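Thank you for making time for this. I would like to walk through one structure, and I will go from single residues to the spaces between them.

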Amino acid sequence: MNKPEILAPAGSFDSLTAAVRCGADAVYLGGRELNARRNAANFGNEELAQAVEYCHARGVRVYITLNTLVCDDETQTAMNAVRCACDIKADALILQDIGLASLVRRAAPDMPLHASTQTSVQTLDGIKLLADLGFCRAVLPRELSKKEIEKIAAQSPIELELFVHGALCMCLSGQCQLSAVLGSRSGNRGLCAQPCRLPFSAEGGTGHDLSLKDMSLIEYLPELAQMGITSFKIEGRMKRPEYVAAAVTACKKSLAGEDAAGYERTLGAVFSRSGFTSGYYNGALGRDMFGVRRKEDVTAAKEVLAPLAALYDGEQPLIRADMYLSAQVGEKAGLAVKAAGKSVFAESDSAVQKAQNRAVGREETETRLRKCGSTQFYAGDIETDIGDDIFLSAAEINSLRRKALSALEKKIAERGEIPFYPQQTAIKRRRSKNRGYVIRLKSVSQLPSDLSLVRRVILPLDIDAKTADSLKEKKIQPAVEVPAAVFGGGSAVYNAIVNARKNGVSLAAVCSLDGAAIAKKAGMKLCALPGTNIFNTFSLDEFERLGFTDAVLSTELKLTQCAALGGHLPRGVFAYGRLPLMQTRNCPVKNGTTCAQCRNHGFLTDRMGVKFPVECAPFASTLLNSVPVVESDKREQFEFADFSLLWFTTETKDECEKILESYRRGDAPQGEFTRGLLYRGVE
C-alpha cells in the first residue's frame, strides 16, 4: 500500500507556506476565476507559477481548482487557465463541469484530472463512469459512511480522495441552489453566501436546522488508509494559515500512529462550530450533528494562534538527503546527494590540497555536511571516502554542500512538459424543433386526467405496469426518476429500475452521474434532469456522447444563456415548480419530530417567517423553495427549448390539472410565485 497523501488547502501564499512547512504532501489552490472559493485570496498566474515552483522544490504536489460550472462565454477563460496549468506543470486539475472536462481531455491529454466532490458522485457505478470520462481520481462526498467508503474503495478503478476535516455542508455538494435562489450567489460558481448558517427552524428543532458542525475524521486516518484511500483532504481555503498548520500536523500525527488529540483540540480552538462531528462516517445522524459558530468558538482562537504560527516560522527540513563525499589529494572533491528519488553530483572548484598541519578527518567532515542550514533538507546517511592527509576548509565543504543541495532542489522540482493543444470553441446557436410539456410527479395520485400537449410523464421508481401502459396508449412516454442522492442505496435503485423496465418503462430521468451509470447498467435510455448541472454547450455534447436522448438545462442559467447554447442534443427548460434547493442525508425536520409524526409534511421556517417544504425520499430529504417558479405566460421566450418541464411536488391532482391548463392557455401567474433565475441569473 502506498503512503496516503495529506492534501492541504491554500487560499493564500501564507497558507500554502504553512501547509508545506508542516509536512503536507500536496496542496490545492485556485486562480482568481472559475474556482469554488472565489472569495479566498487565491492566486494570479504569476503567483500560481511561484506557488508551483516553491512546492515542487520541496517535493509537494499542486492541484489547481477549476471546479465550477462554466458558461459558454467563459470557455476561453477556462482554456487559458488550463494552458497556464500546463505551462507551470501543475500536477492535476480539479474539475466539476463535465463539458469542461471533455475539452481539457482534448486540449491537455497528459494533464491528470480529478473529479471534484461537486460532481455529486456517491456510488461505485458513478466512480466507474468518471473513470470512463477520463478522471484518474474522484473526491468522495462527505455524507458517506465507513461501510460505504470501504465498499467503493475495494473496487474503485481510480484513486479516491476524502475530506477528513473542515466545514460540513448540509447539502450534497453540487446539488445546492439555496444561495443562488435567495441571493443569486451560486455555490456551483464559487460564491456561496452560506445562507444555511442563518436561522432555518424545524418545529421543535435547534433553530439552525441547516447548520452542521464541522467534520473531523482525523482519528480514523489509519483505518481509512487501510481501506485504500489515496488522499486525505482538509477543507479550508477561506481559513487562516494557523488552521492549516494545525490540521496538517494533526493528520501527520494520526497517520504516524501518534496521539493527535492535542492538535485536534487546538483545531477546535482555532475554528469550529460547536465542536466537531463524525456522524456520517459512523452512521450517527441526527440532532447531535448540528451546530453554529458561537462566541466561545470565536474567542478560543486567541490562545493558540501564536504557537501554531511557530510551526511554520522558517524553512522546515522535511526532505532526507543521503550524501557521499569523495576527496583525494590532487583531485577535485565530489559530493553525491540523493533525495526524493533524485540524485545530483557536485565538484569543488579546485583540487584538494595536502594538509600542511592538521588533516581533516571523517567525523569532522560529516559534522559539516550535516549542517544543511535553512533549507528543506536534512542529512540522512553520510558516507565518505577521503584521504588520510587531506585538507578541506569549512568554507569549501559548505560551498560544496550548498552547490549540491541547490542542484538537488532544482532536480526535485523538475517535471515533464505538459503539451497544450488549442481547441475550436466556436458555438453555433441551435433552434428547437418540437415543443411540448414534460411533467414530473411526486406521486401517481397527482396524474392529471387531461394530458394533451404532454409528451412525457416522469414518475417515481415504483411505477406499475398499468400506469405505464395507460400512458403509452395515449402516445405519452413514461419515465422513472432516479434521484440525485443515492449514497449506499445503489443496489436498491438498480433493482427498482430493473423492475420499472419489466413494467414497460424504457426511459430513466436522472439527476446525477450516479443515476446515469446505474440506469444505463439496467438497460435504460437516459434523459437528464436539473441536478446534472448542464451549464454549457460542451456539457450538452458530452451528455449526447453518453447516450442521453435529451436534457433539462441548469436552472441557474439565464434565459439569454439558454437561448445561445449550441449542440444537437434536444433540451428543455424548468418552467414550473418549487425548485429543489438542497439534497440532504440528515433530515432537518427530524431535529424536532419523527417520521411517523411528520408524515412527509415537514417544513423549515426562515427568520422572516417564510416556510420551505421538505420532500422526503428513501435516501435523502429535499428542501424545496417556498414558492414555485411560474413561466405560464412566457411561451414565446422559450423558442430555444424542445420542451418545458413542469415539476410537481406538493400540488394535489386538481392543482396539477389547473396549472397544466394555465400553461396551455398562456395565463398570467396567480398567487405567490417567482421567475427563478431565468432573468436575473447567478454570479
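**Backbone, contacts and cavities**

Let me begin with K89, which sits in the loop between α3 (75-87) and β4 (92-95). Please keep in mind from the outset that this is a predicted model. The phi angle of K89 is near 60 degrees, a positive value in a residue other than glycine, and K89 is partly exposed, with a relative accessible area of 22%. There is a second lysine to set beside it, K475, which has a positive phi of about 65 degrees although it is not a glycine. K475 is placed in the loop between α16 (465-473) and β20 (477-482), and with a relative accessible area of 74% K475 is exposed.

From these backbone angles I turn to a residue in a strand. L29 belongs to β2, which covers residues 26-30, and at 0% relative accessibility L29 counts as buried, because the cut-off for that word is under 20%. What does L29 touch, once its neighbours within four places in sequence are left aside? The contacts are A10, L16, F43, L48, A51, V62, Y63, I64, T65 and R237. As for distances along the chain and in space, L29 and F13 are 16 residues apart in sequence, and their C-alpha atoms are separated by 9.6 Å.

A polar residue comes next. Q122 lies in the loop between β5 (113-115) and α5 (124-132), and Q122 is buried, with a relative accessible area of 1%. Where does the side chain of Q122 reach? The side chain goes to the backbone nitrogen of V486, at 2.7 Å. If we do not count residues up to four places away in sequence, Q122 touches P141, L144, I152 and L172, and also A484, A485, V486, F487 and D514.

E639 can be set against that picture. E639 is found in the loop between β29 (629-630) and β30 (643-647), and with a relative accessible area of 36% E639 is partly exposed. Leaving aside neighbours within four places in sequence, the contacts of E639 are S432 and R435, and with the side chain of R435 the side chain of E639 makes a polar contact at 3.5 Å. I would also mention T593, which is 46 residues from E639 in sequence and 46 Å from E639 in space, taken from C-alpha to C-alpha.

Now a word on the cysteines. How many disulfides does the structure hold? The number is zero. For C169, the closest cysteine sulfur is that of C196, and the two sulfurs are 6.3 Å apart, which is too far for a bond, because a disulfide needs the pair to be within 2.5 Å. C169 is itself partly exposed, with a relative accessible area of 38%. C511 is likewise in no disulfide, and the nearest cysteine sulfur, which belongs to C527, is 9.2 Å away. C511 counts as buried, at 7% relative accessibility.

Let me finish with the spaces in the model, taking the cavities before the pocket. There are four cavities of 30 Å³ or more, and the largest cavity holds about 130 Å³ of space. The largest cavity is lined by 16 residues, and those closest to its centre are Q96, I98, T119, T532 and N533. Sorted by class, the lining of the largest cavity has five nonpolar, 10 polar and one charged residues.

The second largest pocket contains about 650 Å³ of space. Its lining is made of 34 residues, and R440, E481, P483, E615 and A617 lie nearest the centre of the pocket. Which elements give two or more residues to that lining? They are α17 (490-502) and β25 (580-584), and the largest share, three residues, comes from α17. In terms of class, the lining of the second largest pocket has 18 nonpolar, 11 polar and five charged residues.

To close, I would put two side chains next to each other once more: that of Q122, which reaches the backbone nitrogen of V486, and that of E639, which makes a polar contact with the side chain of R435.

Definitions and conventions
Residues are numbered from 1 along each chain as its sequence is written. This is a predicted model: local features need pLDDT of at least 70, side-chain atom pairs count only at pLDDT 80 or more; totals for chains, interfaces and linings use all residues. Side-chain values use heavy atoms; hydrogens and water are left out. Helices (H or I, at least four residues) and strands (E, at least two) are DSSP runs, numbered from the N terminus. Buried means under 20% relative accessible area, exposed over 50%, partly exposed in between (1.4 Å probe, protein chains only). A polar contact is a pair of N or O atoms within 3.5 Å; within protein, one must be able to donate a hydrogen and the other to accept it, and residues adjacent in sequence count only if both atoms are side-chain atoms. Contact means heavy atoms within 4.5 Å. On a 1 Å grid over the protein atoms alone, a cavity is a set of points where a 1.4 Å probe fits but cannot get out, and a pocket is an open set with protein on both sides within 12 Å along at least five of seven lines; lining residues have an atom within 4 Å of a point. Grid points are joined across faces, edges and corners, and a volume is the space filled by probe spheres set on the points. Ala, Val, Leu, Ile, Met, Phe, Trp, Tyr, Cys and Pro count as nonpolar, Asp, Glu, Lys and Arg as charged, and the others, Gly among them, as polar.
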